[in-house]
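Q: I'm new to this structure and would like a close look at a single part of it. Could you take me through the sheets of chain A, and then show me what sits around them?

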Amino acid sequence: MASAIKIWSFPGGVHPPERKTLANQTATATTELPEKVYVPVKQHIGAEGQLLVQPGDTVLRGQALTQPGMSGGLPVHAPSSGTVINIAEHTSNHPSGIPTLTITIKLDGKHESIEFTAVENPLEQSPQELIKYIREAGIAGLGGAAYPTAQKLSQTQNTELLIINGVECEPYIVSDDRLMREHAEEIVSGITILQSALQAQQTIVAIEDNKPEAIQAMRQAIESASIEAAVAVVPTKYPSGGEKQLIQLLTGKEVPSNGYPSDMGILMQNVGTAYAIHEAIYLGKPLMERIVTLTGEALQKPGTVWALLGTPVSHLLDSASLQASSKQKVIIGGPMMGYTISDLEVPVVKSTNCILCPTESELPATGHEMACIRCGQCEQVCPASLLPQQLYWYAKASDHDALKQHHLKDCIECGACAYVCPSEIPLVHYYRKAKAEIREELIEQQKADIARQRFEARQARLEREKQARLEKHKKAAEARQAALAARAAAAEADPTEQSTADTAANNGEKQSKVAAAIARAKAKNAAQAESATAEDDKKARVAEAVARAKAKKAAQAESATAEDDKKARVAEAVARAKAKKAAQAESATPEDDKAKQSSQQSDNAEAEKKRRVAAAVARAKAKKAEQQKQQNSVTTSERGDSESS
Amino acid sequence: MSLLTGVFVVSIIALVFGLVLGFAAVRFKVEGDPLVDQIDEILPQTQCGQCGYPGCRPYAEAIANGDEINKCPPGGEATIQKLSELTGKEAKPLDEAHGVEDVKKVAYIREDECIGCTKCIQACPVDAIMGANKQMHTVIADECTGCDLCVDPCPVDCIDMIPIPTKAERWKWDLESIPVNVDTAPAASRQVEGV
């Protein structure tokens, strides 16, 4: 079956020196336990998990340190036993070196594990169950991108073709090579889990032809396990290990520009991921360590090691005896796509497949960037069939529209263009920058759109509230009018009032109009007072709260707070009572005046008036009290400020 | 006769076109000024009012009516550039009378000091502050535009404007801004040698 697989081709590509023999001659070593491990909370693409531990906790090997939170995310696990000594920002294993939240564990050297429980009869479990176990084991794509494996598996439906990527096309890196040679059976067992989880119809294990031992080992393992899978040997060319390039090599089909392989029924997993899945399902071990290539001529003992996730890079370089030069570069990843790090205390994370320490002569520093001469070599080698020189010009000019038109987002940043550039232009750096700028612009645009919507919604709400208020006032005014008219009619019907009005003044009608106007004004005041009382009360309480907070801030006795509260309430009650009393007293005076003006009024009207006046006075008192309190609070705060300063 | 025919034909044509245009004017009437929408698209929507208008849309309307395009500090030079392209006006440097370009910030309420007065909630142009009377308030950081408008109304000054830290995912590949550059700086090599 293996010979039946047709190998197609993809455009472009380069053949840089492979330099793989440096590290792939010796068996994978295990390193001594480091003193401390730094486990970043987020080691994959996507949301970070929620912390499960606190500083001071003792943890065992394999214990989950985080769990998927509200927004998903993958857990991270303690790679060895020890004590959590710190959860804080630590330099990240990222080209930027921007600190990220990291759990620091001081290892006790005992390497004690939790009890690992394997999944029973894994091949009879439903795909969902298997994916759940894979998620809980914290497995992310170990090929380099660290995309959560469970997410990738659950997003894919109707998988026709499962591709296991053992191409490892980048120079120097031999992690997958060594893994396939040493653990082919485990990888194959992981493949069976993947097949079962995906119900894949066909499986291809792709390996570059510069790894004959790995090809041999994988073929044997597949044969002895007698599973439905074939080994495809692809010619050595960089970057045939890229997801889209490998799909093109194996199927002749191109992944569409805006699409994903899953749209074509294809799913790709790295051999390291398959191994991790085997460990998680058959042994119950979460992802705690990975194979890392230590290579470069500056290392005396290059090779591959099993490194605990979180091991500082310095510890690994120590074990490989680094002979550092004055301008020693330490590169994470390979020479084509890797990045230099500025701090050797950065930890190994799930995506760290290689640490490269080249000598000056081995990988000279890039020379001075010269002008583009439009030779077109970059276009010849671009595996995504883009126009790198055009992208370069547009990136330099920050012409984002033109960059989008030239499909910058399809650039896989493989570095083939920069590799062949005779002017030594760091093309990929320009593209990365431009991509970041475009992404940032998009985020800003989205934020602006949300802000605009929220602003407009708020404006609409304010307008609505204003209309409602006006409507309410209008209705209240109408009601008042109606009430007044009714009262006037009642007064007219009452002969005693008519007669007193006549005796009191020559112009009785005018007088009654004045009285009506006064009554209207009073009614309005009272209505306002009523609506305002509730609010005023609230305001007064807020003012009180301010005073309380300030008093607290001024470092007065803590126990006094409750008492103050009580006191304030008592004071408030007293003030209210006083206000009421005063209102009663005051209401008597205008009553006298009114008696002069219109000597007789019905008991009913009198009582209502009284009530209204009382309410108005109470409102005024409350307002005054509030003002006083505010003043008090201001003086308190001033005092507090001066004390603090 | 031929003169009359000509006049007649031209009048008919004029009438037909008049009807068509009249119909189109009613049928395809554009509500509002599309230019205002386009300008509003470009503005950063912080709603901060630093331009002197109560929000981005009012400023967009003002620009459409001929106001200067360099009054938006949150948008900065990039926004001026885009507005210049759209309106055809000359791209002037930012008018410093309205403020200077600053890093992106987000409001943060020191919650133990908040007294629950709701003043900041009323000031927030995008309703990004949660809280109720006498209850602690907090800023929804994702919705906050960093406009600064909530800081002044706070009676107890418990609101800080905090610069948004750069996250690795949103890093712009500014290699120069990395504190230690391995290629040139001796610090890294010292560290390496010290191993």
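A: Here is a walk through the sheets of chain A, followed by the helices, the domains and a short visit to chain B. Keep in mind that this is a predicted model.

Let's start with the six-stranded sheet. Six strands of chain A make up an open sheet, and going across it you meet them in the order β1-β13-β12-β16-β14-β15. The pairing here is mixed. Which strands sit at the edges? Those are β1 (29-30) and β15 (339-340) of chain A, and each of them has a pairing partner on one side only.

Now zoom in on one pair inside that sheet. Strand β12 of chain A covers residues 289-295, strand β13 of chain A covers residues 303-308, and the two run antiparallel, joined by 6 bridges. If you'd like one spot to click on, try A:R290: its bridge partner in β13(A) is A:A307. As background, strands of a sheet pair through backbone hydrogen bonds, and they can do so either parallel or antiparallel.

This sheet also has a helix lying across it. Helix α3 of chain A, residues 175-182, lies across β12, β13 and β16 (354-356) of chain A. Relative to β12(A), helix α3 runs at about 120°.

Next comes the four-stranded sheet of chain A. This one is open too, with the strand order β2-β7-β6-β4, and its pairing is antiparallel. Its edge strands are β2 (36-40) and β4 (58-59) of chain A, each pairing on one side only. From the β2 edge you step across to strand β7 of chain A, residues 100-107: 5 bridges hold β2(A) and β7(A) together, and they run antiparallel. A handy pair to look up here is A:V37 and its bridge partner in β7(A), A:I105.

Now for a pair of helices in chain A. Packed helices are described by the angle between their axes and the distance between those axes. Helix α1 (residues 127-136) and helix α7 (residues 271-282) of chain A have axes that come within 9 Å and cross at roughly 105°. An angle from 65 to 115 degrees counts as roughly perpendicular, so α1(A) and α7(A) are roughly perpendicular to each other. Where do they meet? On the α1(A) side you'll find A:L130, A:Y133 and A:I134, and on the α7(A) side A:I277, A:A280 and A:I281. By class, this contact between α1(A) and α7(A) has 6 nonpolar residues, with no polar and no charged ones.

Let's step back to the domains. In chain A, domain 1 is made of 2-32 + 118-356, while domain 2 is 366-471. Their C-alpha centres lie 30 Å apart, and 14 residues of domain 1 are in contact with 14 residues of domain 2. On the domain 1 side of that contact in chain A, you get 8 nonpolar, 5 polar and 1 charged residues.

Finally, a quick look at chain B. Chain B has 6 helices and 4 strands, and from the N terminus on they run α-α-α-α-β-α-β-β-β-α. Chain B is split into domain 1 (34-98) and domain 2 (105-166), with C-alpha centres 26 Å apart. There, 6 residues of domain 1 are in contact with 7 residues of domain 2. The touching side of domain 1 of chain B divides into 1 nonpolar, 5 polar and no charged residues. Of the 195 residues in chain B, 25% are buried.

Notes. Residues are numbered from 1 along each chain as its sequence is written. Chains are lettered from A and ligands numbered from 1 in the order in which they are written. This is a predicted model: local features need pLDDT of at least 70, side-chain atom pairs count only at pLDDT 80 or more; totals for chains, interfaces and linings use all residues. Two strands pair if DSSP finds at least two bridges between them. Two residues are in contact if their C-beta atoms, placed from the backbone, lie within 7 Å. Axes are lines fitted to C-alpha atoms, for helices over the stretch in contact, and angles run from 0 to 180 degrees between N-to-C directions. Angles under 35 degrees count as roughly parallel, over 145 as roughly antiparallel, 65 to 115 as roughly perpendicular and the rest as oblique. Ala, Val, Leu, Ile, Met, Phe, Trp, Tyr, Cys and Pro count as nonpolar, Asp, Glu, Lys and Arg as charged, and the others, Gly among them, as polar. Domain bounds come from an automatic or database domain assignment. A residue is buried if 20 or more other C-beta atoms lie within 10 Å of its own, exposed if 12 or fewer, and partly exposed in between; C-beta atoms are placed from the backbone.
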